[in-house]
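Here are a few short exercises to help you find your way around a new structure. Try each one by yourself before you read the solution.

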Amino acid sequence: MGEETLSVTDNRTGRSYEMPIKDGAVRAMDFRQIKVHDDDFGLKLYDPAFTNTASCRSEITYIDGDRGILRYRGYPIEQLAAQSTYLETAYLILFGELPTRAQFVEWEHDITIHTYIHENAKKFMDGFLYDAHPMGMLVSTVAALSTFYPQSKEIFDEEDRLLHMKRLIAKMPTMAAFAYRHSSGLPYAYPDNDLSYTGNLLNMLYKFSEAKYQPDPVLERALDVLFILHADHEQNCSTNAMRCVGSSHGDPYSTIAAACAALYGPLHGGANEAVLKMLTEIASIENVPKFVDRVKDGEDLLMGFGHRVYKNFDPRASVIKELAHQVFEVTGRNPLLDIALELERIALEDEYFIERKLYPNVDFYSGIIYQSMGFPVSMFPVLFAIPRTVGWIAQWQEMLLDEEQKIARPRQIYVGHDQRDYISWDRRESRQGAVA
Ligand code: SDX
């Protein structure tokens, strides 16, 4: 193989340029030297939605979309799902190594003692409409936490930063559960620090009059595996929001609210909610072919299918599909699974989906499991945001400590009007084609 350089010739001038290739990329700034006139700005790279732009160098998560590979800090997702727990995986994602037993005991203790939220937080929870969407409540509440912790603005104080990262991991389940209880018209159930991370979430969601809530161990473990699968996913839309908003050096609570808001969209973390709505509307296996035709006619999206990176099976979808059977042994089989399996069968055989490399993604089966576990559809994006919190803060911290990073400020290609003069009122009405 030749030199690790790119040779570029600008045919406008005949001039040639050499640029170094490093880690499969060239620096966009190396194109700025390519000009026709010395006072030109130089060439920009145009990449709407950053489909082929690396915004950072990261050591956290590796994805190979063609081979369906996902690794956190080098560990395959399949091994972590089978052998780890969410809190252990969160430690790995944040600190880069699996914890020793002593490190894990301290880590679990530190998370557990921060599960409560300030009592005042309930006051603005109570202010939401009775049927407010829990994700809208979560986005608002996590942003509001920044007002309880002004010290969190000290983002370059390592001790302070770690304390608030632990608080965010610890308090997201509590805020999520309080949002669920509010939108269900139920009294808040407080954290039970004797329980595991997911056991405590189930407790805050479903505890009623019993003295002590006992989570079902199968459901508690299933939720833990689902949280492992959702913990990070390199530079997805919400993580990009976390890094972009965080690059202005605000506090982590306000920043993570932006990431939550990005996750809320139906093309991203809101997809599992959209999948359930889609399966419910299809309603029976007999209606699947008609729906698939609608998708192929461009009238609908097959929610839970497709991915910007995976052009093969999303490895998380495979694990979740397996997990579904364990959950259904406890909860009973979800009839929507049959519709989902038929949709998958048809899609994987149909040229339209094959040529577009559309496979089930993480959201295709997760919603069916969440529904079977008793979660309302509106809680699904919230159940995505809880585990993704550690991914967001790990990526945020990596951005803050990366000496190459600074405030995110993309360029544009201006295609609007050239300079024009102000028009007085009387002359406007008489103009032809005035925009209404
Ligand atoms: C997540 O980025 C991440 O890592 C995200 C995530 C994470 O862990 O953070 O993995 C979580 O967000 C998973 C994705 C959940 N979203 C959905 O399931 C919504 C449905 N999927 C699509 O909206 C879509 O597949 C995206 C948004 C996921 C990816 O879109 P891209 O990469 O921009 O692909 P595209 O829109 O350019 O599609 C290419 C072609 C198009 O057809 P043509 O215009 O070429 O004819 O495929 C078609 C699209 O119309 N297509 C679909 C489709 N997804 C893409 N057609 C039908 N149904 C779909 N779901």
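**Exercise 1.** In which loop is lysine 357 found? Then decide how open to solvent lysine 357 is, and look at its phi.

*Solution.* Keep in mind that this is a predicted model. Start with the place: the loop that holds lysine 357 lies between α15 (351–355) and α16 (362–372). Next, take its relative accessibility, which is 42%. Exposed would need over 50% and buried under 20%, so lysine 357 counts as partly exposed. Last, its phi is near 50 degrees, a positive value in a residue other than glycine. Most residues other than glycine have a negative phi.

**Exercise 2.** Place tyrosine 46 and phenylalanine 50, and classify each by accessibility.

*Solution.* First, tyrosine 46 sits in the loop between β2 (15–20) and β3 (61–64). Phenylalanine 50 is found in the loop between β2 and β3. Tyrosine 46 has 64% relative accessibility, so it counts as exposed. Phenylalanine 50 has 45%, so it counts as partly exposed. Now add the surroundings: Tyr46, Ile413 and Val415 make a nonpolar surface patch of about 390 Å². For phenylalanine 50, phi is positive, near 50 degrees.

**Exercise 3.** Work out the strand order of the open sheet that contains β3.

*Solution.* Three strands make up this sheet, in the order β3-β4-β5, with antiparallel pairing. β3 and β5 (75–76) are the edge strands, each pairing on one side only. Then look at one pair: four bridges join β3 to β4 (residues 69–72). As an example, tyrosine 62 has arginine 71 in β4 as its bridge partner.

Technical notes. Residues are numbered from 1 along each chain as its sequence is written. This is a predicted model: local features need pLDDT of at least 70, side-chain atom pairs count only at pLDDT 80 or more; totals for chains, interfaces and linings use all residues. Side-chain values use heavy atoms; hydrogens and water are left out. Patches are made of residues with over 30% relative accessible area and no salt bridge: like charges are joined within 9 Å, nonpolar side chains (Val, Leu, Ile, Met, Phe, Trp, Tyr) within 5 Å. Accessible areas come from the Shrake-Rupley method with a 1.4 Å probe; for residues, only the protein chains shown count as cover. A salt bridge is a side-chain nitrogen of Lys or Arg within 4 Å of a carboxyl oxygen of Asp or Glu. Helices (H or I, at least four residues) and strands (E, at least two) are DSSP runs, numbered from the N terminus. Buried means under 20% relative accessible area, exposed over 50%, partly exposed in between (1.4 Å probe, protein chains only). Two strands pair if DSSP finds at least two bridges between them.
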